[in-house]
Amino acid sequence: MLYKTLRLTVAPMIRVAWRPGFEGRENIPEEGPAILACNHLSVADHYFLALTTPRHIATMAKVEYFVRTGVKGRLIGATVKGLGQIAVDRSGGRKSAQALGPSEQVLNEGRLFAIFPEGTRSPDGRLHKGKTGVARLALATGAPVIPIGLIGTDKVLPTGKTVPRMSKVQVNIGKPLDFARYEGMHDNRVTLRAVTDQIMDAIAELSGQEYVDAYAKRRPGKTTE
């Protein structure tokens, strides 16, 4: 309900104010499951991504948002839950992998799920090595992966800023990537790495970013996503 409300109120204002450009919207299916795999430049990525389709898009949010206390904390928790976001523990390892269970459920229900394979916002504007969770989801569910390149969102809302700026935004949506040939190999590390790299190559082509074969590191002292 909250997601629908924002689509009717905030979404039109974003369209009018920023007039974002979209290329390849037809690549997002009108029904059925799909994984939207995007580069991650800014908190604003979520808002422009939501404009790509009238369908609800489930995403991940760090688990801290769901357990905060106080009036403000509870309001944030209620908001992320109302938007249908999935809690993820970003400490890594098994805890982070546990978020893939609810993500698989979203896809098995025939819905859309968006993921930022870099795991955090780019610290330098370049596209960094993707984590293999996106490949694991694709191979476990059979859902196609739709690569998306976001351009200019880091100018709209730079890291550390709370007031958005006027800047051109372009959203390029690639053709679906089908990994059905790897069915049953979602626990094979070599396959997961190869699939993830193919997805990141597609995102790089769409975003025009320089690719860095190293994981993105969070800025010291920065814990927000």
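Are Trp18 and Phe48 buried or exposed? Trp18 is buried, and Phe48 is buried too. The model behind this report is predicted.

**Overall make-up**

The protein chain contains 9 helices and 10 strands. Of its 225 residues, 46% are buried. The chain exposes about 11,700 Å². Carbon and sulfur atoms supply 55% of that exposed area. Contacts between residues at least 6 apart in sequence reach far along the protein chain: 77% of them join residues at least 24 apart.

**Aromatic pairs**

The structure holds 2 aromatic pairs. The table lists their geometry.

| Pair | Arrangement | Centre to centre | Angle between planes |
|---|---|---|---|
| Trp18 and Phe48 | edge-to-face | 6.3 Å | 90° |
| Phe179 and Tyr182 | stacked | 6.5 Å | 25° |

Take the edge-to-face pair, Trp18 and Phe48. Trp18 belongs to helix 1 (residues 2–18), while Phe48 belongs to helix 2 (residues 45–49), so their pairing ties together parts that are 30 residues apart in sequence.

Now the stacked pair, Phe179 and Tyr182. Phe179 has a relative accessible area of 5% and is buried. Tyr182 is partly exposed, at 23% relative accessibility. The cut-off explains the two labels: buried means under 20% relative accessible area, and partly exposed runs from there up to 50%.

**A charge over a ring**

Phe22 also has a charged partner: the charged end of Arg25 sits over the Phe22 ring. The distance from that charged end to the ring centre is 4.0 Å.

Terms used:
Residues numbered from 1 in each chain as written. Predicted model: local features only at pLDDT ≥ 70, side-chain atom pairs only at ≥ 80, totals over all residues. Heavy atoms only, no water. Phe/Tyr/Trp six-rings, centres within 6.5 Å; stacked < 30°, edge-to-face > 60°. Helix = DSSP H or I, 4+ residues; strand = E, 2+ residues; numbered from the N terminus. Buried < 20%, exposed > 50% of the residue type's maximum accessible area, 1.4 Å probe, protein only. Lys NZ or Arg CZ within 6 Å of the ring centre and 35° of its normal. Contact = heavy atoms within 4.5 Å. Areas by Shrake-Rupley, 256 points an atom, 1.4 Å probe, with all protein chains shown as cover.
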